[in-house]
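Me: I'm new to this structure and would like a close look at just one part of it. Please pick a part, stay with it for a while, and then show me what lies around it.

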Amino acid sequence: MNIRKIVTVVEEVRAEGGRAVSPPATVAVVAAVIRNPWAGQGFVEDLGPGIDATASDLGALLAPAVLEELGAPAEAYGKAAIVGLDGEIEHGSALIHTLAFGDHFRKAADATTLLPAVEKRGPAGIVFDIPLKHVTDATIRSHHQTVEVRIADAPHPQEIVVALAAAAQGRPQQRLAAFSTEQDRS
């Protein structure tokens, strides 16, 4: 795996809706900007060797890093793969939609739910939103949120940005009713 750089973003929301948020609502993102393992190869029928050579090491690198930056147990989490213009969206999906990658984060966060994800292709500096959901119950509405990310010089055309995000809580000032209140009562 060829890593050009690691980018870390930690966001603390201290006020929302005109009211203080205490403790601050914290979200952390750690992204690796890597060379696309399939760059320059044209259409690759079997992505397996590139997955085997990259996905697990990438998950092992990013999962503990994002939790360390968060500084608290993760209650919500998500992932992203942003492919440079010379790659395929499938290249990003291949790296993040495998247990070899995702299980590092699930184990580190004591999580059981699927990791919500975004994958897209774009130029350097593209803005992307990482969706987050609760680590053990995807129906807990308070933890459905997104974090916006932009890396000014990534991805280059033959790179992929792979990112993990974690939140220490749900949305600041959330007040939606529980999902169970909308279930059919007939």
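Reply: What follows is a close look at helix 3, with the rest of the protein as its setting.

A quick word on how to read it: this is a predicted model, so local features need pLDDT of at least 70, side-chain atom pairs count only at pLDDT 80 or more, and totals for chains, interfaces and linings use all residues. Residues are numbered from 1 along each chain as its sequence is written, and side-chain values use heavy atoms, leaving out hydrogens and water.

Let's get our bearings. The protein has three helices and seven strands (DSSP runs numbered from the N terminus: H or I of at least four residues for helices, E of at least two for strands). Follow the chain along and you meet them in the order β-β-α-β-α-α-β-β-β-β. The radius of gyration is 17 Å, close to the 16 Å of the globule rule for 186 residues, so the protein is as compact as a globular protein of that length (the radius is taken over C-alpha atoms, and the rule is 2.2 Å times the number of residues to the power 0.38). Along the principal axes, the C-alpha atoms fill a box of roughly 55 × 40 × 25 Å.

Now zoom in on helix 3, which covers residues 99–108. Which of its residues are buried? They are Phe101, Gly102, Phe105 and Arg106 (buried is under 20% relative accessible area, exposed over 50%, partly exposed in between, using a 1.4 Å probe and protein chains only). Look down the helix axis and these residues fall within an arc of 120°, so they line one face of helix 3 (the arc is that of the directions from the axis to the C-beta atoms). On the face turned away from that buried side, you'll find Leu99 and Lys107, which are exposed.

What do the buried residues of helix 3 pack against? Their partners are helix 1, strand 3 (76–83), helix 2 (89–96) and strand 7.

Arg106 is worth a pause. With 12% relative accessibility, this helix 3 residue counts as buried. Setting aside residues up to four places away in sequence, Arg106 touches Tyr77, Leu99, Ala111, Thr113, Leu114 and Leu115 (contact means heavy atoms within 4.5 Å).

Just past helix 3 comes Asp110, in the loop that leads to strand 4 (117–121). Asp110 has a positive phi of about 50° even though it isn't a glycine. Unlike buried Arg106, Asp110 is exposed, at 64% relative accessible area. Positive phi turns up elsewhere too: Gln173, also not a glycine, has one of about 60°. Gln173 sits in the segment after strand 7 and, at 29% relative accessibility, counts as partly exposed.

Strand 7 (residues 159–167) is one of the elements helix 3 packs against, so let's follow it outward. Strand 7 runs antiparallel to strand 2, and nine bridges join them (strands pair if DSSP finds at least two bridges between them). Across that pairing, Val29 stands opposite Ala165. Strand 2 (19–35) also runs antiparallel to strand 1 (residues 3–16), this time with twelve bridges. There, Ala15 has Ala20 as its bridge partner. The hairpin of strand 1 and strand 2 has two residues between the strands, and Gly17 takes a positive phi near 65° in it.

Strand 2 holds another curiosity, since Pro23 has its place there and the bond joining Ser22 to Pro23 is a cis peptide bond, with omega about -5°. A further cis bond runs from Ala154 to Pro155, with omega near 0°; Pro155 lies in the loop between strand 6 (145–150) and strand 7.

Where does the chain go after strand 2? It enters the loop leading to helix 1 (48–70), and Asn36 is found there. Asn36 is buried, with a relative accessible area of just 3%. Beyond its neighbours up to four places away in sequence, Asn36 touches Val83, Gly87, His91, Gln158, Glu159 and Ile160.

Finally, step back to the whole protein. Buried residues account for 46% of its 186 residues. Of the contacts between residues at least 6 apart in sequence, 76% join residues at least 24 apart.
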